[in-house]
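Trainee: I would like a close look at a single part of this protein, with enough of the surroundings to see where that part belongs.

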Amino acid sequence: MYRYDQYDKAMVDARVAEFRDQARRRLEGKLTEDQFKPLRLMNGLYLQLHAYMLRVAIPYGTIDARQMEMLADIADKYDRGYGHFTTRQNIQYNWIKLEDTADALADLATVEMHAIQTSGNCIRNISADHFAGAAADEVVDPRPYAELMRQWSSFHPEFTYLPRKFKIAVIASEKDRAAMRLHDIGVRIVKRDGEVGAEFYAGGGMGRTPMIAPLIRDFVPIDQMITYAEACLRVYNRYGRRDNKYKARIKILVHELGAAEYIRQVEEEFAHMLSVGVEPPREELARIAEYFAPPAFVDGPKTVDRSDPDFALWVDRNTHRHKHDAYVSAVISLKPAGGIPGDATSEQMRLVARLAREYSFDELRVMHTQNLLLPHVRIADLPAVWQALDEAGLGSPNMDTIEDIIACPGLDYCSLANARSIPLAQRISERFAETGRTEVVGELKLKISGCINACGHHHAGHIGILGVDKKGTENYQLSLGGSEAEDVSLAKITGPGFDEDGVIAAVEKVTDVYLAARSDGERFLDTYRRIGMEPFKEALYG
Amino acid sequence: MKILTGNDLRTGAVTWWNGTGWSLFVDDAVDVGEDAEEILAREEAARRVNVPYAIEATIDAAGHVRPAHIKDRVRALGPTVRRDLAVPTANKTGWDWVI
């Protein structure tokens, strides 16, 4: 994986020193909160319901064992012994003190981590396919391209004050495991006639106005990728609305201009920027790519002893096909039935770090589904890995099932939320686990947001739940038919909302409809798309 | 009643105006009546509190203060899903009145 060069290190160290001084001046009263707020946000420090919250970037979700151990140390030293892995492959600490923040950032810098650009109207942490570098179906490893974008977008002087935040995802396979088309810019690395290039999508996003990004160019030569991205951003930065934050995202600009006009303007800017020469030299991409060279895989057994049914179920559910046939990628579920999605204790982080070191070439991934991943595990090592995970409460065999719920922190932590998300996730996962219906239902992606900002990706859930404030009480809207994958679609609201008990019962009812109507091999989403909304509405409101 | 709340500048902890200072316990909150704006301006300027604001609340016969909005009730006790991290309170029924 990528290691900082002297420039990266100098930049991060300088930023820590700068923030230390800013925090000191705030604590001494030399800066007001209005003056300090944009400065702390540039360093990932929010003020949430109960305390300050620090969001730490994990570029394209890739970290190594020593970094994970540092995340555990931060949790113990400056927080309350746990962290929360997010839908943008980051980690958040919920109880950070302002007076400790600079020290926490300094500790993070020792392992080449930071919290820069995890907030504010700038280009945020670049996300990527969590199976990058391991997936059997990828064209190339997308991470060198994501890293190049990270370097280009870090401290980019022109894009520090965009109209609104800006999120980029990079994948390199037909399968979309990063919600690529629900980003401000989605990039798919492709090959055409043996040449590597980038397919660009722009203007997607969730939030209060969900939109699927249209294709704006089907092939950008890889040695022009940054120039093209710069052109996309320049048009947005120039014409994106700044008068209304709810209409300031690029999706609104692309929608209001129309994709064709946005593309025309981007192409014009692209031609101009090509003449300016902003593209990094090819040697830089080659230098970065060396850090992502595949590990030294070795041959070995390609099957496992399936005599233990619990182990066999975990292998079936939580492992993913690897490009080397003696390996798999193993998903570490942070979704125990009744647990808090995405939360991990410091002890669990240290265990995962140890497993990465022993069994996965010192590599780990944070998944946007709020799980962790050991990308390269020898099939022969799976029993040992599973046993260690299971003993630590990390062995739930529930990837992509109704227990694998994405849930934002909601009103339990977030100052923007209108309703709690986590208790719903806990009750639904517990209910389905207890009744044994999880396996019967099969693949079903349920996503919960506690407000319209949609951090829990409810628009993209096969079943989505949105918490709203209804005259001071929590109310939940149910929606069906969303997908963030290559068959991307936006969920539609079923009808009037429910209270907490009601929405849990509603989830059971819609799964009943599915089970009664499904054809062989159909997922919930397939059945919904075939039979439509009406049977579900009839069951819910009939 | 009208009470004042905010976050401690150094730690971020939720605090409540008790008439002379800022307490971690919602039951210590006092009715500020018409004095809210004056106290808020003075306390924020003195950096004894961060982003303070006034809210409506009620007080029961046992003296337990209950903020009117659910968001402030969650702030008063802590995350409902991590009761082990809750603010210590004498209000034994606290979790019942959050929702």
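Among contacts in chain A between residues at least 6 apart in sequence, what percentage join residues at least 24 apart? And could you then take me through the open sheet of five strands, together with what packs on it?

Mentor: Please keep in mind that this is a predicted model. The percentage you ask for is 67%, counted among the contacts of chain A between residues at least 6 apart in sequence. Chain A has 17 helices and 20 strands, and its radius of gyration of 23 Å is close to the 24 Å that the globule rule gives for 542 residues, so the chain is as compact as a globular protein of that length. The C-alpha trace spans about 60 × 60 × 55 Å along its principal axes, and 55% of the residues of chain A count as buried.

Now to the sheet itself, which is open, pairs its strands in antiparallel fashion and follows the order 1-2-5-4-13 in chain A. At its edges stand strand 1 (45-47) and strand 13 (343-345) of chain A, each with a single partner strand, so one side of each is left without a neighbour in the sheet. Neighbouring strands of this sheet are turned by 30 degrees against each other on average, with direction ignored. Within the sheet, strand 4 (residues 82-85) and strand 5 (residues 91-96) of chain A run antiparallel and are joined by two bridges, and Phe85(A) stands opposite Ile91(A) of strand 5.

Two helices of chain A pack on this sheet. Helix 3 (residues 65-78) touches strand 4 and strand 5, and its direction makes about 15 degrees with that of strand 5. Helix 4 (residues 98-109) touches strand 1, strand 2 (52-56) and strand 5, and its direction makes about 15 degrees with that of strand 2.

The domain assignment of chain A helps to place these elements, since it lists domain 1 (6-109), domain 2 (142-289), domain 3 (309-391) and domain 4 (406-541). The C-alpha centres of domain 1 and domain 3 of chain A lie 27 Å apart, and the contact takes 21 residues from domain 1 and 21 residues from domain 3. On the side of domain 1 that touches domain 3, strand 3 (62-64), helix 3 and strand 4 of chain A each supply at least two residues, and helix 3 gives the most, with seven residues. By class, that side of domain 1 has nine nonpolar, eight polar and four charged residues.

Conventions: Residues are numbered from 1 along each chain as its sequence is written. Chains are lettered from A and ligands numbered from 1 in the order in which they are written. This is a predicted model: local features need pLDDT of at least 70, side-chain atom pairs count only at pLDDT 80 or more; totals for chains, interfaces and linings use all residues. Helices (H or I, at least four residues) and strands (E, at least two) are DSSP runs, numbered from the N terminus. The radius of gyration is taken over C-alpha atoms; the globule rule is 2.2 Å times the number of residues to the power 0.38. A residue is buried if 20 or more other C-beta atoms lie within 10 Å of its own, exposed if 12 or fewer, and partly exposed in between; C-beta atoms are placed from the backbone. Two residues are in contact if their C-beta atoms, placed from the backbone, lie within 7 Å. Two strands pair if DSSP finds at least two bridges between them. Axes are lines fitted to C-alpha atoms, for helices over the stretch in contact, and angles run from 0 to 180 degrees between N-to-C directions. Domain bounds come from an automatic or database domain assignment. Ala, Val, Leu, Ile, Met, Phe, Trp, Tyr, Cys and Pro count as nonpolar, Asp, Glu, Lys and Arg as charged, and the others, Gly among them, as polar.
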